[in-house]
4 protein chains.
Amino acid sequence: MSKPYPPVYYSDYLQLDRLLASQTPKSAEYGKPAHDETLFIIVHQVYELWFKQIIHELSSIIHLFAHDYVDEKNIGVAVARLNRITEIQKLLIDQLRVLETMTPLDFLEFREYLLPASGFQSIQFRLIENLLGMESEQRLLFNKEAYYVYVSPEHQAVLRESEHRASLFQHVQRWLERTPFLDLEGFQFWPTYRATVERMLQNDRAIILNNTFSTEEEKHKQLQELSKNEESFAALFDEHKHKDLIAKGRRRLSYQATQAALLIHLYRDEPILHQPFRLLTVLVDMDELFTSWRYRHALMVHRMIGNKIGTGGSTGYHYLRATVEKYKIFADLFDLSTFLIPRSKLPELPEEIKKSLGFYYSVKSNTETQSYAEKH
Amino acid sequence: MSKPYPPVYYSDYLQLDRLLASQTPKSAEYGKPAHDETLFIIVHQVYELWFKQIIHELSSIIHLFAHDYVDEKNIGVAVARLNRITEIQKLLIDQLRVLETMTPLDFLEFREYLLPASGFQSIQFRLIENLLGMESEQRLLFNKEAYYVYVSPEHQAVLRESEHRASLFQHVQRWLERTPFLDLEGFQFWPTYRATVERMLQNDRAIILNNTFSTEEEKHKQLQELSKNEESFAALFDEHKHKDLIAKGRRRLSYQATQAALLIHLYRDEPILHQPFRLLTVLVDMDELFTSWRYRHALMVHRMIGNKIGTGGSTGYHYLRATVEKYKIFADLFDLSTFLIPRSKLPELPEEIKKSLGFYYSVKSNTETQSYAEKH
Amino acid sequence: MSKPYPPVYYSDYLQLDRLLASQTPKSAEYGKPAHDETLFIIVHQVYELWFKQIIHELSSIIHLFAHDYVDEKNIGVAVARLNRITEIQKLLIDQLRVLETMTPLDFLEFREYLLPASGFQSIQFRLIENLLGMESEQRLLFNKEAYYVYVSPEHQAVLRESEHRASLFQHVQRWLERTPFLDLEGFQFWPTYRATVERMLQNDRAIILNNTFSTEEEKHKQLQELSKNEESFAALFDEHKHKDLIAKGRRRLSYQATQAALLIHLYRDEPILHQPFRLLTVLVDMDELFTSWRYRHALMVHRMIGNKIGTGGSTGYHYLRATVEKYKIFADLFDLSTFLIPRSKLPELPEEIKKSLGFYYSVKSNTETQSYAEKH
Amino acid sequence: MSKPYPPVYYSDYLQLDRLLASQTPKSAEYGKPAHDETLFIIVHQVYELWFKQIIHELSSIIHLFAHDYVDEKNIGVAVARLNRITEIQKLLIDQLRVLETMTPLDFLEFREYLLPASGFQSIQFRLIENLLGMESEQRLLFNKEAYYVYVSPEHQAVLRESEHRASLFQHVQRWLERTPFLDLEGFQFWPTYRATVERMLQNDRAIILNNTFSTEEEKHKQLQELSKNEESFAALFDEHKHKDLIAKGRRRLSYQATQAALLIHLYRDEPILHQPFRLLTVLVDMDELFTSWRYRHALMVHRMIGNKIGTGGSTGYHYLRATVEKYKIFADLFDLSTFLIPRSKLPELPEEIKKSLGFYYSVKSNTETQSYAEKH
């Protein structure tokens, strides 16, 4: 028989005595209490609590992927936890509206007391970036200094260490590279896909040339666009070109992983690819939300302190604006859409393959002629 | 070679000439233009456009389920489309904030011109209710009249007809009842689950009785609660009691379907149950959002016209408030949580069963000793 | 010259060492770590931080109103702070979506360790209710006990004490009662308004009787509705009836304050009534959002634990559902719309009155014939 | 006696027969019905309906400002309508989530049928930009062509015409330039403000130099930052420099209007400046939301079509990204914060001035010693 557990009291469980005693406005300390400083503190504390939760989720997901084989169940778990992160991110963004109820003039009442403190010094946010897979080279210098220069020595240590741990990006990449579906006996994805694309492009060219609806000038433009598309596909089909783009920092995902990601997108209707597809999708959702948060945050800073030097000496707005685009982690997954082709043009999978991408139960019961269909 | 398609122009494609010419305020017609009537019209037109989209999705989902066998792929499709509906529902709710930028006084400027028109007459919304599975008996009379009395004869016909079509609720119920997993050779869900529950309840009783932390009075209370729980489980395990509750309108989902829903919740980690679990979850999401929409809508009416007789003679607020709870469709799925038991206490599935609930590929490759693990 | 302030470090300022060390899951303590317990803790801690902020704002607003004369400036300040509360409330509601990413089954992994802790024991939330003006009689008993029985003795003391402090409701009521505009030399609001209403109702009756568009039956219905409206106006114009409704708990706002609130609504276009009108509006917004939060929260509990006895022995869902409506504070302000009349039918204010409700500058400059108009 | 109005029927009033018959998917027309095309159409139609509403509000506001004198009441009205626009904008942004429930692969099912149609051709959105005050020179060329080249000749005419109408920006600017408060007898804002700023900067320099907390290196950095701030103030106090920045396109708001905007921000607590301050605030809100919408829209396009040539030949993503920042209308109002100074350092207004910025009623009653205070 399991033993009873001692009774728990709400405010003890949540340690509210400490939590609610952790707001000590500087303005009061200096005898000039500014009503809005409490908001400023609490808003940032809430951010840090959410950051802790995001780190909790990211670490657990990285742990799930840190094996040579990721159980299907765990992909479902990872998707659920990434989904949770995106729900938190929506709050992070909406929360800016609360901070914006403080007017710039009200902020000035206590701003000088806080110098040089700055959200720029949030260790947890940096950790999140590193856990996701932000690369040191990717980071912008700030006043010609690396981001960690602005934090305490022990915090610097934490950050430097985290830079060397395997990130979510790296784990997802390896997981993609390991996919067995690129090379199934009886179906080789890459050559099949390539052949299809080439037929498609030829067809597009023909359509343009024979398009009785369009003027010569329009045709000319359309052919220009077509060649642009042909080029990008050419780059896709040439591993050297791909490595080149990676070297130039314009791609990041390995050639093999890119192929796997495309396969998952194109054949996501096969049961065994459902969860992998959801995984790739939620990674893009998450990246999109982080990037939106950076953008809205930059706007808020602009409106709060204008172009003035931000706390922490940051020329806040312009620096933040610059990070928005540069700090995407899964940009390659956004770009994937460039290479999708309509289902209608997609080569049909051989029956045997289809079967092997379905559920054992269905297959078994079918072969046993006690049809799954009749039962379910 | 596929032929080119004639070029399309944005505003023709969207038929903007008609769309944007379909707002004719009565106040202007009567020579007393009220600025806000345009908002009133457009907000309601947007609602109707979203309703059309929701009907489009619901009909397609019902069509997917209208077979004796629902392909796994289609469950994924259904989930995606239900998810889309929930995203639309979030807009329907937030949209009330836009309408609330019109003050009651501004509404009065044109309200009398619209009588007795009322959102109560939205055919599409009624259709949505019927497609979901609202039962005529479930509906509240309004001024002692059935809901369709207030619409035009041809609209009445449409509604009456829709009442007799099979609803999403009925299709989902049948699909649940067909599940083959309740009775697998080597694993019978219901008796196993029941035995587990009974052990659990005995254990709970023992814990309470031996709980050195609690006073006699507390123990007394806890035992009362326990018996309440025992009762609800008793009702669950007695098909007659269940039918009774259905007759009384306190349950709706059939006994067989209820068992299947519970199984899906408890064993949702098995790959083949991933999508079914997501389906049950999104149905609850959708119900929750409709019910929230009804609630927020009632509040808005209260604040807009107070307790006055609403347009269409509805004592708006009170009627709307009454519908909020009564009009849940999948209330049984909410109640399911009452019967869940911790994973830790859940009987382990036999290996053979586990295997058959997994993916064919994995199993096959494993047996072929060219382990899936090594490859993926 | 003002002195420099010692430099501040972000994580010290926010006391992150304590804050981020205040999450200690019970499940880990008992050696059965449940991944989602961290979310459960952090979500509730964030709620409590926001509650602290709301209390900070409410207290400051009550302080602003705790004088025989509220400076116009301070009404603007109060509106801004109430607006901030509504922005926070929107987060409180959306935050439920994050909690709902935890499934009922996942909750069961650690739920038993927390008993009998319950959000029901949140002192801060009770304080908010009391600061707003919740009345003890208004509260529902819970298992036949008053709400404070469930918290620690010292917390009980805090709550009982707060029940006796003057609430926002009471302060707003007094401020309304003090309004000088009900009785201006040359303009008496109440009799003027009453006469207008009576003319309006007679006119409505005539319209119905002479309405060639409607059948006898329709006319009958319309006349019934009309009498209902006449009754509610009758109650408004009879102070005894009003006091009666208050005694019966169907009204709360005093007769004098109700008149003032109506005046503000009807003549809100006069500059001096702009802020008072915004104040009444944001009070309704706030009430609407609290009530929505209660509703969504009840739904979440239903879906998380079904009809099971909630932590803290609460039959969670049904109790929470019951509070939603009963716990409105400013319901009378919602009802006000019942008594609004169209601007077009509103008696024009005498020029002298209009002037005195405008800005001094404009008036002065106008009289000085160096017209404001020409300058601005 | 006013006459009765003919009864109105909901679906006639909203012209639902036309509205709901205005969706004709191309994919169906070509015999390859794509389920998601309906969503694509309806989402865009909803956008256009909201655009119509925004145009309705903007036009009415511009009309209110198209006089040499804007009545205080009308500023309140303008604020309310701009607030409504911001509530609509929040929907426009959230609505992208609905569109994103359509996956890139599903879009491909019908994308080719729509070419070259593109949201780029939304006349209403262009009109909104022009009504707000977008300048032709400000616009980016697209494939080396002006934006209107891509629309039908009659639509081009509409757009060109709108470019020459006075915009919201111009009206607000004129209204600011007309403000009488910059030069009141007994108080001249600009010189007073300037003197204050100069004292403040000197003080800051002294603080830095005497700051015992900071190292020489830190002091050096801080002095650099200080000079940057001094420069930006210098530019503010030199009308020629200001005109220079305007010529360079780095400022837009006239010198006089900039001063007025600053005055309103700094003395917004005076009753007569409440509404003007709210006006400037909501203009920034609106700009912020448009810019956020552009950003999220660009992200959505990136994820939907990658870097492929967008419908309408637009290299969608990159073009859209480029517009986000460039298309701000009220950027100068964001920048204002750069020049705010703490209330504590703000020169007190002379009593006589204060009085004249208050309400006539208060002043009058005070002077008449039947103090407003005692009454209110």
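Here's a quick briefing on how chain A and chain D meet in this predicted model. Residues are numbered from 1 along each chain as its sequence is written, and chains are lettered from A in the order in which they are written. Local features need pLDDT of at least 70, side-chain atom pairs count only at pLDDT 80 or more, totals for interfaces use all residues, and hydrogens and water are left out of the side-chain values, which use heavy atoms.

**Size**
- 52 residues of chain A touch 52 residues of chain D, with contact meaning heavy atoms within 4.5 Å.
- About 4600 Å² gets buried between the two chains, 50% of it on carbon and sulfur atoms (accessible area, 1.4 Å probe, lost on being put together and summed over both).
- On the chain A side, Leu105(A), Tyr295(A) and Arg303(A) lose the most area to chain D, together 15% of what that side buries.

**Charged pairs**
- The rule finds 14 salt bridges across the interface of chain A and chain D (a side-chain nitrogen of Lys or Arg within 4 Å of a carboxyl oxygen of Asp or Glu).
- Arg303(A) pairs with Asp285(D) in a salt bridge, at 2.6 Å from N to O.

**Symmetry**
- A turn of 180° and a shift of 0.0 Å along the axis lay chain A on chain D with an RMSD of 0.0 Å (least squares on the C-alpha atoms of residues with pLDDT of at least 70 in both).
- That's the relation of a two-fold axis.
- The copies meet through the same surface, because 100% of the interface residues of chain A are also interface residues in chain D.
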